[in-house]
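Morning, everyone. I'd like to walk you through a structure today, so grab a coffee and have a look at the screen.

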Amino acid sequence: MKKLNILACSLLIAGCLNLAPNAFAETPDTMTFVRFGEKQTLTLKKFDNDGNKRYEIRKDGFCIAQPQQDSNLLAFKVFADATTYCGKIRNNLPKSIWHKNVNRYNSDGDNPNNIVETYASTDSVIEMSVYGESVNLAYIKSRNKDVIKAATGYELIGMSPDNIESIFGAYQTEVDNDVPYLVYGFYIDGGSFNSMKMQLEDGVVSEVQLVNDAPGECEQEYGERTYYAGELPEGWYTHGRVTSINLNVRKEPKTGEVIAKIGAEHPEFLYTETHDTGEEYKWVKIITKYDVGQPVEGWVYAKYISPSFKTLNFREGLLNSFEYFAYLPSVLPEANTRNETNTNDSNIILVNRTWTDKGLTIDFLLNKNGGKMTFVSCELTNNTYAFAGLRVGNGIDVLRKFNENAEKAGFELEKGCKILDDNTITWVTKENETYDGFNHKIEIVTKSGIISKIKISNKE
């Protein structure tokens with residue numbers, strides 16, 4: 001965990017220079033500008049340190065930053081321009097594009113009154129440290145060319161490494177999970193580290209990250225994609241937490257009947273469905289865990305919940321889908337349960353139940369002594385519900401995409417199972433991999449080029 005203790009010395013430059021892509025040789029080693037009403041000058045100094053080159057950025061004769069490589073002041077200046085952009089986003093927030101979340105520092109040390117504001121869209125995430133009226137960049141990550149141009153003053157997205165080097169000077173390279181990056185880094189006087197990382201795809205920049213990696217503790221991990229109301233991939237599920245002590249859960253968004261009040265007794269829930277009523281925040285349909293307090297499913301105002309700060313990848317979406325259908329029996333109407341069978345096991349009364357409605361069949365065990373439900377299996381036969389982005393009625397192309405990612409999520413095809421049309425394919429948990437004690441199994445039936453049935457179960 002890191003606290004976004006942004007140092008002002010990393011953000012001293014303002015304004016923008018328009019340079020041609022091949023202008024590196026002409027870029028200045030000194031820049032003069034006005035900040036807070038004062039004329040200030042930054043200078044890039046180059047030294048020969050026992051045969052090794054050393055670079056320093058100086059203000060008023062003092063070193064405030066040390067570039068990792070032979071970059072120029074323009075690479076450093078990007079962080080000041082990005083901070084200005086953060087202020088513009090914060091003050092002119094288009095609610096239809098950017099969704100906001102606020103967390104306070106979880107620290108008794110430096111800047112305990114600071115807050116971390118996160119703004120997320122479908123292709124970008126921006127995080128800033130806010131103290132009073134002071135706004136500082138913490139993190140920007142985007143694949144949107146317009147966002148990056150507005151934040152840095154340069155196109156960047158779509159540029160080649162040669163284009164980038166001609167503007168900012170020599171870069172370092174970094175490979176993370178086989179993905180190459182161009183990197184400009186600056187050690188800031190005081191202990192933090194600024195970096196500009198540009199991901200490469202097919203030889204050009206496809207994504208840009210700006211990070212102020214300050215030391216300290218914060219109650220969230222920053223620098224990861226945050227999903228907000230209205231942005232969840234269709235048919236996927238993610239975690240959230242209640243931040244209100246006495247939060248109304250309504251039968252319908254905004255004006256629906258209050259069916260429950262939740263708070264600390266439900267520290268975590270899953271949500272999937274959202275609704276925009278034109279308010280600052282959207283409404284989110286949640287389902288709480290069955291093993292903590294009285295379970296409930298309904299609509300809450302997103303202002304009073306904190307979404308997951310983990311990147312929603314295929315593995316998480318897949319496992320969260322299992323969780324959702326495991327939670328669901330606890331809030332389903334009793335009238336729809338069928339085929340109850342009592343099983344006595346060491347004086348514990350276990351009830352085998354089947355719940356059927358709207359193309360959904362769920363089998364589960366109910367421990368009547370303790371009230372705990374254990375998920376057994378779930379079968380989808382129409383498109384009312386989705387599982388990890390799959391829905392009955394989807395074509396083979398959607399299934400092929402699912403198959404490409406299932407192995408990444410820790411699943412493998414059952415022995416002898418082939419991916420063919422008019423067939424059943426079966427994915428099972430890889431050997432020695434379990435999730436929350438479950439060995440999951442996924443059966444997908446196709447007929448005439450479409451998915452006709454999806455069944456998930458706890459493999460024995």
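Let me start with a question: which residue in strand 10 does Pro67 stand opposite? It's Phe186. Before I go on, please keep in mind that this is a predicted model.

So, where does that pairing belong? Strand 4 and strand 10, the latter covering residues 179–188, run antiparallel to each other and are joined over three bridges. Strand 4 has another partner too: strand 3, residues 52–59, pairs with strand 4, residues 62–67, again in the antiparallel sense and over three bridges. There, Lys59 faces Phe62 of strand 4.

Now look at the turn of that hairpin. Two residues sit between strand 3 and strand 4, and Asp60 has a positive phi there, near 55 degrees. As general background, most residues other than glycine have a negative phi. Is Asp60 buried or exposed? It's exposed, because its relative accessible area is 58% and the cut-off for exposed is over 50%.

Back to Phe186 for a second. Phe186 belongs to one aromatic cluster together with Phe76 and Phe79. On the subject of strand 10, the charged end of Lys197 sits over the ring of Tyr181, at 4.5 Å from the ring centre.

Let's do the rest of the aromatics. How many aromatic pairs does the structure hold? Eleven. One of them is Tyr187 with Phe193, a tilted pair with 4.7 Å centre to centre and 55 degrees between the planes. Tyr187 is partly exposed at 47% relative accessible area, while Phe193 comes out as buried at 19%. That value for Phe193 counts as buried because the cut-off is under 20%.

Another pair is Phe322 with Phe411. Why is that pair called stacked? The ring centres are 6.3 Å apart and the planes are at 5 degrees, and planes under 30 degrees apart count as stacked. What I like here is the sequence separation: Phe322 lies in helix 4 and Phe411 in strand 24, so the pair ties together parts that are 89 residues apart in sequence. Phe322 is buried, at 3% relative accessibility, and Phe411 is buried as well, at 0%.

Stay around Phe322 for a moment. The C-alpha atom of Ala388 is separated from that of Phe322 by 8.6 Å, with their positions 66 residues apart along the chain. Ala388 is in the loop between strand 23, residues 373–380, and helix 5, and at 5% relative accessibility Ala388 is buried.

That brings us to helix 5, residues 396–406. Which of its residues are buried? Ile396, Leu399, Phe402, Asn403, Asn405 and Ala406. What covers them includes helix 4 (314–327) and strand 24 (411–413), along with strand 25 (424–429), strand 26 (440–447) and strand 27 (450–458).

Next, the inside of the protein. The largest nonpolar core has 46 residues, and Leu156, Phe168 and Met196 touch the most other members. Helix 1, residues 73–91, gives the most to this core, with ten residues.

Leu156 deserves a closer look. Where is Leu156 placed? It's in the loop between helix 2 (145–152) and helix 3 (161–168). Leu156 also has a positive phi, about 60 degrees, although it is not a glycine. So we have Asp60 at 58% relative accessible area, counted as exposed, and Leu156 at 0%, counted as buried. Leaving aside neighbours within four places in sequence, Leu156 contacts Ile148, Ile164, Phe168, Met196, Met198, Val205 and Val208. Apart from this core there is another one, of 43 residues, including Trp355, Ile362, Ile425 and Ile454.

Last item, for anyone thinking about cysteines. How many disulfides does a search of the whole structure find? Zero. Taking two of the cysteines, Cys63 is partly exposed at 23% relative accessibility, whereas Cys86 is buried at 0% relative accessible area.

If you take two pictures away, make them these. One is the stacked pair of Phe322 and Phe411, linking helix 4 and strand 24. The other is Leu156, sitting in a loop and yet among the residues that touch the most other members of the largest nonpolar core. That's me done, and I'm happy to go back to any view.

Notes: Residues are numbered from 1 along each chain as its sequence is written. This is a predicted model: local features need pLDDT of at least 70, side-chain atom pairs count only at pLDDT 80 or more; totals for chains, interfaces and linings use all residues. Side-chain values use heavy atoms; hydrogens and water are left out. Two strands pair if DSSP finds at least two bridges between them. Helices (H or I, at least four residues) and strands (E, at least two) are DSSP runs, numbered from the N terminus. A disulfide is a pair of cysteine sulfur atoms within 2.5 Å. Buried means under 20% relative accessible area, exposed over 50%, partly exposed in between (1.4 Å probe, protein chains only). Contact means heavy atoms within 4.5 Å. Rings of Phe, Tyr and Trp (its six-membered ring) pair if their centres lie within 6.5 Å; planes under 30 degrees apart count as stacked, over 60 as edge-to-face and the rest as tilted. A charge sits over a ring if NZ of Lys or CZ of Arg is within 6 Å of the ring centre and within 35 degrees of the ring normal. A nonpolar core is a set of buried Ala, Val, Leu, Ile, Met, Phe, Trp, Tyr and Cys residues joined through side-chain atoms within 4.5 Å.
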